[in-house]
Amino acid sequence: MYYRGGSWLDFPGRVVDSLRPGFEERMPVVDETVDGARYLFDFLRMLQIDFETGNSRSIAWIDENGKCFFPRNFIGERFEDDSAVGEGVGEKSAKRKREKIEVVGGEKEEQEVSSSDKREDVSKRPCLAVNNVGRPSARWPNARLLGEGDTAYSQIKNFFLSGLKNVDPDATITAIHQCTRTTPIERARYEVFMRQVDITRTARGTSNTVYAWHGTSAKGLSIILAHGFGVPFEVPKPESYGVGVHFSPVGLPQLCAMDSEADDNGEKHVVLCRVILGSAEKVDLGSNQSHPSNVDFDTGADDPNNPKHYVVWFSSVNTHVLPECVVSFKASNNVKCVKNSICELISKMKSALPPAKVQEVENLYSVFRAGKLVKDSFVKQFRSITGDDALLSAIREIRGSG
């Protein structure tokens with residue numbers, strides 16, 4: 001159901017059927033096109049979000065046992081395309097609408113768009129220029145800078161900070177850019193991605209398209225936005241899951257954000273992408289796998305049933321990944337100091353610990369750095385591995401040399 005005008009209304013059966021596979025697979029967010037209009041269905045926050053305008057409204061459901069699931073607070077923003085949800089296709093096809101759009105030359109023209117052409121028109125919307133009068137110029141190629149007053153800015157900010165706060169509650173977002181499709185190449189990449197969604201759905205029964213984060217350097221980000229992911233410009237880390245392009249789920253931005261490389265301004269950057277997972281197979285940590293193990297798989301994950309890490313192979317990354325926006329942020333000084341201190345401590349202790357203990361400490365730190373272990377638990381396990389005598393000796397040595 002969706003909330004509008006003070007009432008809860010049923011989604012048409014075709015909408016429910018399209019959302020059911022993602023819901024049953026416990027996907028937190030599903031990207032779905034309804035009669036040509038694109039929406040994000042956020043099951044965790046119980047929201048339907050209009051991708052073009054950023055408007056949102058509450059959703060709810062009743063399970064097979066009759067148990068009701070409703071949000072605490074109801075949001076009922078009206079969508080521009082509400083008729084697409086509440087009316088039948090036959091009724092809607094008789095309607096026509098005049099829209100004013102701004103073309104990439106800056107001139108305006110009127111186009112008459114029939115609802116039967118709506119799907120094609122919406123797929124081209126990202127290619128139209130956005131009125132950015134009074135805004136600072138965008139830093140990245142093929143992207144526009146969002147303002148804090150934009151609804152899309154708020155939605156993306158909430159997605160990002162809700163996860164990052166687990167490891168760095170004082171981190172600050174410095175900019176959010178939305179990817180555009182203003183060039184023929186960018187439009188072609190979008191069309192190729194959408195065709196791949198259909199191809200994967202036909203082959204696997206579901207495309208398993210998710211939103212996921214990718215952390216990179218400023219140089220890497222420029223290459224991605226200008227040329228795509230296809231060129232392996234960064235060497236995979238030993239703690240990676242396979243050899244490819246790595247992502248973390250939309251609800252776990254901290255897993256890639258904290259490993260992003262800071263630029264000269266101290267900013268880090270992550271890209272929110274749409275990723276076609278298709279059939280994902282298990283890939284072990286440190287694996288050298290660089291392609292599907294057989295024809296039954298498309299991508300990889302640390303745990304296909306409860307993934308924290310995705311890997312898309314280089315051979316298919318430009319058809320299976322579509323960048324949507326860039327989040328730039330600065331980590332708090334507290335996090336930087338903690339990490340620097342731990343790295344220095346581990347370095348000092350290497351000579352005093354057996355190789356097996358050193359490896360155990362480094363593995364523990366990798367887990368902590370990825371945001372999967374809280375500070376208190378990390379300290380407790382760290383002391384258990386090293387022993388207090390070796391730990392105190394290393395601390396005294398650091399303080400004495402300082």
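**Exercise 1. Describe the hairpin of β4 and β5, and identify the residue in it that takes a positive phi.**

Step 1. In this predicted model, the hairpin formed by β4 and β5 has four residues between its strands, and M46 takes a positive phi near 60 degrees.

Step 2. The pairing itself is antiparallel, with strand β4 (residues 37-42) and β5 joined over four bridges. Within this pairing, L40 stands opposite I49 in β5.

Step 3. On the other pairing of β5, strand β6 (residues 56-58) is also antiparallel to β5, over three bridges, and the bridge partner of Q48 in β6 is R57.

Step 4. In a regular strand, side chains alternate between the two faces of the sheet. For β5, L47 and I49 lie on one side and Q48 and D50 on the other, and all of these are buried, so that both faces of the strand are covered.

**Exercise 2. Work out which residues and elements line the largest cavity.**

Step 1. Begin with the count: the structure holds four cavities of 30 Å³ or more, and the largest has a volume of about 220 Å³.

Step 2. Next, list the lining, which is made up of 16 residues, with L40, F51, A152, Q155 and I156 lying nearest the centre of the cavity. The elements that give two or more residues to this lining are β5 (47-50), α5 (151-164) and β19 (321-330), and α5 gives the most, with four residues.

Step 3. Finally, sort the lining by class, which yields eleven nonpolar, three polar and two charged residues. L40, one of the residues nearest the centre, is the residue that stands opposite I49 in the hairpin of the previous exercise.

**Exercise 3. Carry out the analysis for the second largest cavity, and state which element gives the most to its lining.**

Step 1. The volume of this cavity is about 140 Å³, and its lining consists of 13 residues, among which E186, R189, I224, L322 and P323 lie nearest the centre.

Step 2. Two or more residues each come from α6 (184-204), α7 (218-227) and β19; of the elements in the lining, β19 gives the most, with three residues.

Step 3. By class, the lining of the second largest cavity divides into seven nonpolar, three polar and three charged residues. β19 therefore appears in the lists for the largest cavity and for the second largest cavity.

**Exercise 4. Place β19 within its sheet, and explain why β11 and β16 each have one side without a neighbour.**

Step 1. The sheet is open, has nine strands with mixed pairing, and follows the order β11-β12-β19-β15-β13-β14-β18-β17-β16, which sets β19 between β12 and β15.

Step 2. Because β11 (143-145) and β16 (280-282) stand at the edges and each has a single partner strand, one side of each is left without a neighbour in the sheet. From one strand to the next, the twist averages 35 degrees.

Step 3. At the β11 edge, the partner is strand β12 (residues 172-179), which pairs with β11 in the antiparallel sense over three bridges; there A143 stands opposite C179 in β12.

Step 4. Add the helices that lie across the sheet: α5 crosses β12, β13 (209-216), β15 (268-276) and β19, running at about 130 degrees to β12, whereas α6 lies across β13, β15 and β19, at about 45 degrees to β15.

Key: Residues numbered from 1 in each chain as written. Predicted model: local features only at pLDDT ≥ 70, side-chain atom pairs only at ≥ 80, totals over all residues. Heavy atoms only, no water. 1 Å grid on protein atoms, 1.4 Å probe; cavity = no way out; pocket = protein on both sides within 12 Å on 5 of 7 lines; lining within 4 Å. Points joined across faces, edges and corners; volume = space filled by probe spheres on them. Nonpolar A, V, L, I, M, F, W, Y, C, P; charged D, E, K, R; others polar. Pairing = 2+ DSSP bridges. Axes fitted to C-alpha atoms, helices over the stretch in contact; angles between N-to-C directions. Contact = heavy atoms within 4.5 Å. Buried < 20%, exposed > 50% of the residue type's maximum accessible area, 1.4 Å probe, protein only.
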